[in-house]
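Visitor: I should like to learn how to read the architecture of a model, beginning with a single helix. Please guide me through it.

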Amino acid sequence: MAPRIITLDPVTRIEGHLRLDVEVNEGQVSRAWSSAQMWRGIELLLKGRPPEDAWALTQRLCGVCTTVHAIASIRSVEHALQVEVPLNAQFIRNILIAQHAVQDHLVHFYHLTALDWVDLVAALRADPAKTAQIAQSLSDWPGNSATEFRAVRERLQGFVNTGKLGIFSSGYWGHPAMKLPPEINLLAVAHYLKAFDFQRKASQAIALLGGKDPHIQNLVVGGVATAINLENLATLNMERLTWLRGLMTEVLAFVEKVYLPDLLAIAGAYMEWFGIGAGVTNYLAVPEFPEDTKGTQFALGGGIITQADLQRFRPIISHQDDYLLQNTRESVAHAWYEGKEPRHPWQGETKPKYTDFQPDKRYTWCKAPRLDGVPMQVGPVAQILVSYAAGNPRVRRSVDAVNAQLGITLRDYHSTMGRLLARGLRTRIMAELALEYLDRLIANLAAGDQTYANHTEIPAGEFKGVGFHEAPRGSLSHWIVFKNRKIENYQTVVPSTWNASPRDEQGQAGPYEASLVGTPIAEAEKPLEVLRTIHSFDPCIACAVHALDPTGREITRVQAQ
Amino acid sequence: MKTLILGVGNELLSDEGFGVHFIRHLRTHYSFPDTIELLEAGTLGLMIAHKLEEAGRIYIVDALAAPGAPGECHRFTKEDFLLNRVPVKLSPHQVGVQEMLLVSELRGRCPNEVHLVGVIPASLSPGTELSPVLQACVSELARQLVDELRAGGVRVAPSRKMDALEAQ
């Protein structure tokens with residue numbers, strides 16, 4: 001049979017607008033093209049504005065990961081001016097970062113990707129009593145009763161009867177690649193609905209500390225603007241910090257007793273997906289959770305892994321890593337921008353040059369970031385692998401235990417299911433860290449440290465800086481140049497830019513594109529397998545390129561030629 | 001009964017941010033009782049689902065990518081949404097908003113009264129300001145919504161902030 005091209009435009013259940021074209025040959029993907037269908041104008045918008053305001057605006061880059069851009073942006077200015085950040089501020093930021101990651105990962109697993117693996121309609125055939133039995137064998141979560149599962153099944157039945165499931169445009173019910181037993185489907189659907197309550201608790205925790213969520217309000221260059229006085233009722237006092245601890249403790253319990261058991265049950269039923277979807281096996285993660293004022297000590301280290309070889313692991317121990325700063329380039333050879341040579345972000349340009357979708361030439365609004373000339377995969381799997389390679393005890397414990405339970409090895413993480421698993425493990429680590437930083441914040445306050453910010457005036461003169469952050473989707477960096485208190489250049493190299501990147505001037509495919517090659521396709525008209533692999537990256541194209549397609553094109557199109 | 005007025009959209013893309021500008025306009029020009037909550041939610045979908053469930057009635061204000069004259073306003077109800085009968089394509093966060101309502105409905109917690117108010121944009125180019133056409137729509141649409149709330153017995157007053165500004 002001759003190769004066919006399948007176009008998914010846009011890929012649903014992600015933030016932003018992504019188009020994928022996959023060539024299917026003998027029931028497998030042979031080539032793929034990742035095309036961001038939106039143009040990122042944020043860089044142009046920031047020019048001429050005060051650098052200390054950039055963090056508030058860059059939060060609007062995306063609807064999901066607002067906090068992460070605020071953090072990376074404020075760090076870029078602090079790096080440029082060599083400002084230290086007081087311990088209280090580091091701890092407060094760390095709690096925000098960690099809790100935001102938990103919320104983001106919970107939403108991704110249950111609401112953005114679970115329906116690629118869970119058949120909603122098949123859940124109707126489940127026996128609620130048997131489902132409860134299975135659930136109780138997996139964990140002692142109190143919500144797993146037969147009554148609860150029966151109620152969910154009845155509501156679901158009502159929806160199917162009235163035709164309301166039509167909204168799930170990419171719900172491939174009854175697809176041959178759906179393999180969960182009915183009871184696991186029902187279990188997952190019930191928890192899918194329950195997860196809403198817990199992402200909300202995480203959001204409340206962020207709002208308690210950040211002033212508001214979405215869009216935290218409490219950052220300043222040099223620290224935070226959070227007023228904490230343990231005895232004062234008008235500020236963030238002990239009572240509210242106790243409330244915060246309560247919320248974050250409940251969230252951790254949900255992650256341990258619901259999310260992780262569900263993830264392992266799904267992984268166990270789809271073991272073949274540990275062998276599919278590797279793609280680019282170069283990984284990059286930056287250090288995260290600074291634990292001193294200068295940013296030299298981190299809870300989780302960064303590093304670079306080349307071609308899946310953990311022996312040749314190269315650690316990154318600070319946000320001023322010279323190799324990373326010197327060797328990051330963005331190629332626009334296949335993107336809709338002017339320019340030929342790859343450029344360093346500080347010299348980066350954003351000059352649009354749209355040509356239409358031309359797979360051999362230019363076909364996306366996404367630039368192609370490369371480190372020392374090679375594509376890198378970023379995200380939880382990168383962070384877990386580099387932390388493992390660096391010997392981080394917390395990560396090793398977590399990975400070793402789950403590997404023994406599933407009967408897998410580190411090699412299996414280079415895959416679609418490996419990305420989902422790494423994200424789950426990361427979620428638990430984030431939920432634990434958030435609570436630990438709360439303890440350390442309270443201890444530091446109790447010891448008499450009352451400093452929240454090193455007040456910083458932006459001086460005249462020219463400065464450049466970079467703010468790194470290991471975000472839920474991977475390594476994020478904001479590169480800023482400012483002169484006489486005005487922004488001259490601003491470039492964001494976001495995780496999805498690394499992962500969704502097109503081919504570069506040497507023809508090397510980006511991680512999404514490479515990961516799809518070899519993916520089996522059961523039905524060309526229903527490319528569920530493509531969605532599984534792409535969703536495993538947790539694509540967030542809004543900030544990778546930004547803006548929306550102004551032509552009002554159809555919301556979903558799957559076209560097989 | 002609590003009413004949530006939710007402005008969604010991306011304020012970095014001129015008229016795409018209509019919902020966000022709309023909420024800010026309500027905040028500066030009117031004073032609402034505690035039963036009305038105003039929320040500018042940017043482009044979030046699923047991550048603010050809990051906000052919807054806390055309300056008894058919701059208005060979602062958004063830019064609407066549909067053929068028609070800029071500034072034209074279309075309204076849809078909850079059933080339109082759940083049965084996929086919204087006849088036009090919305091902005092990229094349609095899926096987010098739609099699925100969010102459906103999941104809430106599946107949880108048995110979706111308010112009965114859901115109104116989508118969509119306005120056709122004139123410009124979606126990068127920029128933090130609304131186009132003049134949509135700028136003009138903001139106050140008109142705000143007046144209509146306030147009238148509707150008042151007709152339902154909600155006491156909405158002009159904002160004291162505005163009185164103070166005008167007195168200067």
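Guide: Let us begin with burial in this predicted model. A residue counts as buried if 20 or more other C-beta atoms lie within 10 Å of its own. In α3(A), 15 of the 16 residues are buried, so this helix is largely enclosed by the rest of the structure.

Visitor: What does α3 of chain A reach from its first C-alpha to its last, and what span is expected?

Guide: The expected span rests on 1.5 Å a residue. Helix α3 of chain A, residues 66-81, reaches 24 Å, close to the expected 22 Å.

Visitor: Which residue follows α3(A), and what is its phi?

Guide: Gln82(A) follows the helix, and its phi is positive, near 55°.

Visitor: How should the overall form of chain A be read?

Guide: One compares the radius of gyration with that of a compact globule. For 561 residues the globule value would be near 24 Å, and chain A agrees, with 23 Å. Along the principal axes, its C-alpha atoms fill a box of roughly 65 × 60 × 50 Å. Buried residues make up 55% of chain A, and its secondary structure comes to 16 helices and 16 strands.

Visitor: How many helices and strands has chain B, and in what pattern?

Guide: Chain B has six helices and seven strands. Along the sequence they follow β-α-β-β-α-β-β-α-α-β-α-β-α. Of its 168 residues, 48% count as buried.

Visitor: What do the contacts in chain B join?

Guide: Here one considers contacts between residues at least 6 apart in sequence; in chain B, 76% of these join residues at least 24 apart.

Technical notes. Residues numbered from 1 in each chain as written. Chains lettered and ligands numbered in written order. Predicted model: local features only at pLDDT ≥ 70, side-chain atom pairs only at ≥ 80, totals over all residues. Helix = DSSP H or I, 4+ residues; strand = E, 2+ residues; numbered from the N terminus. Expected span 1.5 Å × (residues − 1). Buried ≥ 20, exposed ≤ 12 C-beta atoms within 10 Å, placed from the backbone. Rg over C-alpha atoms; globule rule 2.2 N^0.38 Å. Contact = placed C-beta atoms within 7 Å.
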